[in-house]
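Colleague: Can you take me through this one? I have a few short questions.

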Amino acid sequence: MSILINEDTTFIVQGITGREAVNLTRECLDYGSKIVGGVTPGRKGRDVHGVPVFDTVQQVVEHNGGRVPDGSVVTVPPAFTKDAVLEAIDAGIGLIVVVTERIPRGDVAQMVEVAGARGARIIGPNCLGLVVPGVAKMGGIGGPAKNTEQAYQPGSIGVMSRSGGMTTEISSTLTAAGLGVSTAISIGGDAIIGSTYAEL
């Protein structure tokens with residue numbers, strides 16, 4: 001049984017034109033994830049691996065006929081992460097994976113508080129995201145699609161770790177043992193994170 005994402009999950013990438021985000025987008029698309037738009041202010045009209053880029057999250061929603069994406073992967077610089085997360089929450093996005101690290105603690109605390117009050121869930125910050133083997137992934141977890149397919153095979157064991165590398169290591173060991181993984185989540189290594197082991 002997977003949690004948080006499935007084959008129908010749609011998401012956006014905020015900060016999609018950054019170098020790390022371009023690679024992350026390619027890896028997610030190759031794995032079969034459904035990315036319905038990207039956001040980088042001032043870059044509307046471009047595309048990244050066929051994904052259209054917009055200036056705001058609301059423009060993505062409008063472009064998709066008013067349908068709010070299920071999630072967002074946030075890969076913007078630390079100084080702008082809070083604004084990006086709050087913009088996603090304001091648009092009604094329910095699952096926000098924050099890849100960015102070194103975000104000021106006060107900003108993280110505010111993001112987590114607002115998300116909780118508005119019924120949104122944050123994974124991270126400073127995380128690699130999550131994957132449901134053979135279905136979809138949100139974030140850079142597992143790296144390129146071929147590597148992800150090798151390390152993560154479907155099974156019945158859920159994996160969570162504060163370390164992205166350890167998430168993959170544990171999942172790879174379970175796969176090698178023939179047990180597999182239902183969902184693997186890199187929850188983030190920072191002092192304040194959006195979703196804890198107990199909650200997940």
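Modeller: What follows is a short chat about a helix and a sheet in this structure, which is a predicted model.

Colleague: Start with helix 4. Which of its residues are buried?

Modeller: Asp107, Val108, Met111 and Ala115 are the buried residues of helix 4.

Colleague: How do they sit around the axis of helix 4?

Modeller: Looking down the axis of helix 4, the buried residues fall within an arc of 100°, so they line one face of the helix. In an α-helix there are 3.6 residues a turn, so residues three or four places apart point the same way.

Colleague: What covers the buried residues?

Modeller: The cover includes helix 3 (78-90), strand 6 (95-98) and strand 7 (121-123).

Colleague: And which exposed residues are on the face turned away?

Modeller: That face of helix 4 carries Arg105, Gly106, Glu113, Gly116 and Ala117.

Colleague: What comes just after helix 4?

Modeller: Gly119, with a positive phi of about 80°.

Colleague: Now the sheet. What is the strand order?

Modeller: The sheet is open, with seven strands in the order 3-4-2-1-5-6-7 and mixed pairing. Strand 3 (47-48) and strand 7 are at the edges and have a single partner strand each, so one side of each is left without a neighbour in the sheet.

Colleague: In what sense do strand 5 and strand 6 pair?

Modeller: Parallel, over four bridges. Val73 has Val97 in strand 6 as its bridge partner.

Colleague: Back to helix 3. Which strands does it lie across?

Modeller: Helix 3 lies across strand 1 (10-14), strand 5, strand 6 and strand 7, and runs at about 165° to strand 6.

How values were computed. Residues are numbered from 1 along each chain as its sequence is written. This is a predicted model: local features need pLDDT of at least 70, side-chain atom pairs count only at pLDDT 80 or more; totals for chains, interfaces and linings use all residues. Side-chain values use heavy atoms; hydrogens and water are left out. Buried means under 20% relative accessible area, exposed over 50%, partly exposed in between (1.4 Å probe, protein chains only). Helices (H or I, at least four residues) and strands (E, at least two) are DSSP runs, numbered from the N terminus. The arc is that of the directions from the helix axis to the C-beta atoms. Contact means heavy atoms within 4.5 Å. Two strands pair if DSSP finds at least two bridges between them. Axes are lines fitted to C-alpha atoms, for helices over the stretch in contact, and angles run from 0 to 180 degrees between N-to-C directions.
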